[in-house]
There are 2 protein chains.
Amino acid sequence: MQTFGQFIRARRESLRKTDPTYSVRQVAKRMGIQPSYLSKVERGEVSPPSEETTRKLAHELGVDSDMLLAMAGKVSSDLQDVIRKRPVLFGELIRELKEMPDHAVLRLVREVRDGEW
Amino acid sequence: MQTFGQFIRARRESLRKTDPTYSVRQVAKRMGIQPSYLSKVERGEVSPPSEETTRKLAHELGVDSDMLLAMAGKVSSDLQDVIRKRPVLFGELIRELKEMPDHAVLRLVREVRDGEW
DNA sequence: ACAAGCGTATACTAGTTAGTATACACTACC
DNA sequence: GGTAGTGTATACTAACTAGTATACGCTTGT
């Protein structure tokens, strides 16, 4: 399985093919962090960054932030907030959906979205 | 709103009315932590304990651990694991359900549980 | 009088998080 | 051959987490 660092390095290098501003240094500068730190993150020398920094990185690399946060071992704090407001209810729901296949969960999402609620 | 500390103190004192073993000292001993620490937690002098310790406390006090974790500002790590495996899917679902009333979410839980899936 | 149990004040800490700051070695350009 | 840009090695750190350990003062039963 690909690690967080490997993923973002691959993604950055890929973007760089068509845009030379995607160097470690320039990306780090745009994000407001040290290039040496980004380098360490990409090589997995340090653990993935904070939620905020991971978000900036997702934005910079044009990837979904929930996905990148997940690779960083985190869950977006706004989702946590939703759960924390009704922990038992959401706890039940999520555990119920744990083993469900993607298409079943997706059906549920659509049902809620367009449904008559 | 009631804080974490106030809640567990109230709950412990309530249990103590019918069972004197619910003193700070004895509960702490059963949990394997220092009484002084439990005391500080109850008075809100320190931030709520770790997930593991919060779980022990929930067990000791006979309350739902998801609920108590929520009061501690946390989301159970097993729920986080479920989300982290399919972050985009669950992200969508949870944000969709954010504003839904309890009964609607509950209906969904039941639908999944007994549904023809 | 004193031991047992109570809550708490006080002092301390190992480990982790999330980075910064600087300097070094290499390549490419003009 | 200098300079501009690259990735990275190295050294350091402030703040936070999640507690422990000990001692103090109070009450209560014998």
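Buried area is the accessible area, taken with a 1.4 Å probe, that two parts lose on being put together, summed over both. In this predicted model, the area buried between chain B and chain A is about 4,100 Å², and carbon and sulfur atoms give 69% of that value. The contact draws 41 residues from chain B and 41 residues from chain A.

Across the interface of chain B and chain A, 10 salt bridges are found, one of which joins the side chains of B:Glu96 and A:Arg113 at 3.2 Å, N to O. In addition, 16 residue pairs across this interface are in polar contact, both residues being at pLDDT 80 or more. On the side of chain B that touches chain A, helices H5 (65-71), H6 (77-85), H7 (87-97) and H8 (102-114) of chain B each supply at least two residues, and H7(B) gives the most, with 11 residues. The residues of this side of chain B divide into 22 nonpolar, four polar and 15 charged.

DNA strand D is surrounded by 22 residues, the closest being A:Arg9, A:Arg25, A:Gln26, A:Arg43 and B:Ser50. Of the atoms of DNA strand D that come within 4 Å of the protein, sugar and phosphate account for 55%. A polar side-chain atom of A:Gln26 lies 2.7 Å from a phosphate oxygen of the strand, whereas for B:Gln34 a backbone N or O atom lies 3.3 Å from a phosphate oxygen; in B:Thr53, a side-chain N or O atom is 3.1 Å from a phosphate oxygen of DNA strand D. H3(A) gives the most to the surface near DNA strand D, with four residues, and by class this surface has four nonpolar, nine polar and nine charged residues.

Terms used:
Residues are numbered from 1 along each chain as its sequence is written. Chains are lettered from A and ligands numbered from 1 in the order in which they are written. This is a predicted model: local features need pLDDT of at least 70, side-chain atom pairs count only at pLDDT 80 or more; totals for chains, interfaces and linings use all residues. Side-chain values use heavy atoms; hydrogens and water are left out. A residue is near a molecule or strand if one of its heavy atoms lies within 4 Å of it. A polar contact is a pair of N or O atoms within 3.5 Å; within protein, one must be able to donate a hydrogen and the other to accept it, and residues adjacent in sequence count only if both atoms are side-chain atoms. Ala, Val, Leu, Ile, Met, Phe, Trp, Tyr, Cys and Pro count as nonpolar, Asp, Glu, Lys and Arg as charged, and the others, Gly among them, as polar. Contact means heavy atoms within 4.5 Å. A salt bridge is a side-chain nitrogen of Lys or Arg within 4 Å of a carboxyl oxygen of Asp or Glu.
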